[in-house]
Amino acid sequence: MSSENHHKVAIIGSGPAGFTAGLYTGRANLNPVIFEGMQPGGQLTITTEVENYPGFESGIMGPELMDIMRKQAQRFGAKSIYTEVTEVDFSKRPFVLKTYDDVHTADAVIISTGASARLLNIESENKYMGYGVSACATCDGFFFKDLKVLVVGGGDTAMEEANFLTKFASEVTIVHRRDEFRASKIMFDRVKKNPKIKFQTSKIIKEVLGKQENGRKTMTGVLLEDTKDHSTLKVDADGLFIAIGHKPNTDLFKGVLDMDETGYLKVKPGSTYTNIPGVFAAGDVADKTYRQAVTAAGSGCMAAIDVERWLEAQE
Ligand SMILES: Cc1cc2nc3c(=O)[nH]c(=O)nc-3n(C[C@H](O)[C@H](O)[C@H](O)COP(=O)(O)OP(=O)(O)OC[C@H]3O[C@@H](n4cnc5c(N)ncnc54)[C@H](O)[C@@H]3O)c2cc1C
């Protein structure tokens with residue numbers, strides 16, 4: 001293997017966690033490489049305006065923010081490799097990372113492969129993502145002041161998001177494919193008592209409806225289908241929040257790294273250390289609670305500092 005393919009630090013994933021880890025390890029002269037994966041820039045590249053990332057008083061478009069983060073990391077020597085890591089071997093040092101057509105080794109690895117929101121997988125959902133459709137109430141609820149929104153899902157997350165959204169929206173309708181809810185009783189009771197929340201049960205979203213005016217897309221409602229008699233119903237709404245769960249991108253590490261029952265990587269509390277010394281985890285991949293760009297970036301910084309100290313201790 002060429003020495004070009006050996007790195008002091010390899011970062012898997014190019015969201016806010018990966019780029020922040022790249023920025024810090026770059027500034028520490030560790031010449032990091034960042035495997036950008038199938039979604040260069042991470043989850044924020046599929047959204048429009050980000051209003052809650054500190055430092056951008058008037059907000060910034062998601063893809064632009066990620067471009068700035070990449071350039072900032074590159075300024076200090078971080079190198080992007082535009083491919084996916086397909087296999088890892090953490091059983092020996094240096095660690096081995098395989099891509100589709102290459103093999104790399106690294107003294108330390110930061111995993112920042114994120115988590116993906118589970119989506120409905122209908123074409124129109126994709127079309128209006130960021131233009132009415134969202135997978136994050138904390139991020140986008142503020143944009144729906146005095147508007148009508150829908151929340152899809154039947155678990156605790158959906159209940160929590162519906163409740164949260166009533167702070168902004170004039171009306172919140174929970175759409176659920178069954179007539180029973182998986183959510184805990186306490187969460188469901190809270191939702192039932194909220195006068196702003198309505199229900200559409202035994203319904204699935206068949207299509208997201210919208211219009212395009214002056215080059216701008218806007219969602220206008222949805223077409224629901226009854227799961228029992230297959231009748232359809234058009235419902236007007238300005239927003240649709242998908243709350244059917246998240247999947248951490250950890251398939252690559254199954255049987256290798258410790259994970260919780262839902263697949264999130266486990267780290268030593270208050271740090272980014274995984275169960276394998278020299279392998280660190282940052283961002284949404286190890287955080288099922290907060291899942292925000294700023295928390296991902298914060299833990300990317302933690303991972304870089306952990307790596308720097310760990311490498312120093314090895315020498
Ligand atoms: C629609 C939407 C809107 C959002 N809006 C906001 C907002 O306004 N404010 C906010 O704070 N948060 C928002 N979030 C949440 C925020 O995007 C995430 O919390 C944040 O991006 C997590 O960062 P991360 O670095 O952990 O990973 P991610 O951004 O998830 O990035 C993961 C990276 O890992 C890479 N990857 C995965 N597997 C591999 C592999 N095998 N090899 C190489 N690379 C791999 C991917 O290509 C990607 O680059 C939003 C999320 C969504 C979906």
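How many residues sit between E7 and E8 in their hairpin? There are three. The model here is a predicted one, in which local features need pLDDT of at least 70 and side-chain atom pairs count only at pLDDT 80 or more, while totals for chains, interfaces and linings use all residues. Residue numbers start from 1 along each chain, following the sequence as written.

Staying with that stretch, E7 and strand E8 (residues 103–111) pair in the antiparallel sense over four bridges. Helices (H or I, at least four residues) and strands (E, at least two) are DSSP runs numbered from the N terminus, and two strands count as paired if DSSP finds at least two bridges between them. Lys 98 has Val 103 as its bridge partner in E8. On the E6 side, Lys 98 of E7 stands opposite Glu 87, and Val 85 stands opposite Thr 99 in E7. Strand E6 (residues 85–89) and strand E7 (residues 95–99) are also antiparallel, with four bridges, and this hairpin has five residues between its strands.

Further along the chain comes an open sheet of three strands, ordered E14-E15-E16 and paired antiparallel. Strand E14 (203–213) and strand E16 (232–236) are the edges; each has a single partner strand, so one side of each has no neighbour in the sheet. From one strand to the next, the twist averages 30 degrees (axes are lines fitted to C-alpha atoms, for helices over the stretch in contact, and angles run from 0 to 180 degrees between N-to-C directions). Strand E15 (residues 216–226) is joined to E16 by five bridges, and Leu 224 has Leu 233 in E16 as its bridge partner.

Now for a helix. H2 (residues 62–75) has 14 residues and reaches 20 Å from first C-alpha to last, close to the 20 Å expected at 1.5 Å a residue; that expected span is 1.5 Å times one less than the number of residues. Gly 62, Leu 65, Met 66, Met 69, Arg 70 and Ala 73 of H2 are buried, meaning that 20 or more other C-beta atoms, placed from the backbone, lie within 10 Å of a residue's own (12 or fewer is exposed, in between is partly exposed). These buried residues cover an arc of only 140 degrees around the axis, so they lie on the same side of H2; the arc is taken from the directions from the helix axis to the C-beta atoms. Lys 71 and Arg 75, on the other side of H2, are exposed. The buried residues of H2 pack against several elements, including helix H1 (16–27) and strand E5 (79–81). After H2 comes Gly 77, with a positive phi near 100 degrees.

As for the interior, the largest nonpolar core holds 51 residues, and Ile 110 and Leu 265 touch the most other members. Such a core is a set of buried Ala, Val, Leu, Ile, Met, Phe, Trp, Tyr and Cys residues joined through C-beta atoms within 7 Å. Helix H7 (residues 293–314) gives the most to this core, with seven residues. Beyond its neighbours within four places in sequence, Leu 265 is in contact (C-beta atoms, placed from the backbone, within 7 Å) with residues including Ile 111, Phe 253, Leu 257 and Val 285. A second, separate core of 32 residues includes Ala 135, Val 151, Ile 197 and Met 219.

Key: Two residues are in contact if their C-beta atoms, placed from the backbone, lie within 7 Å.
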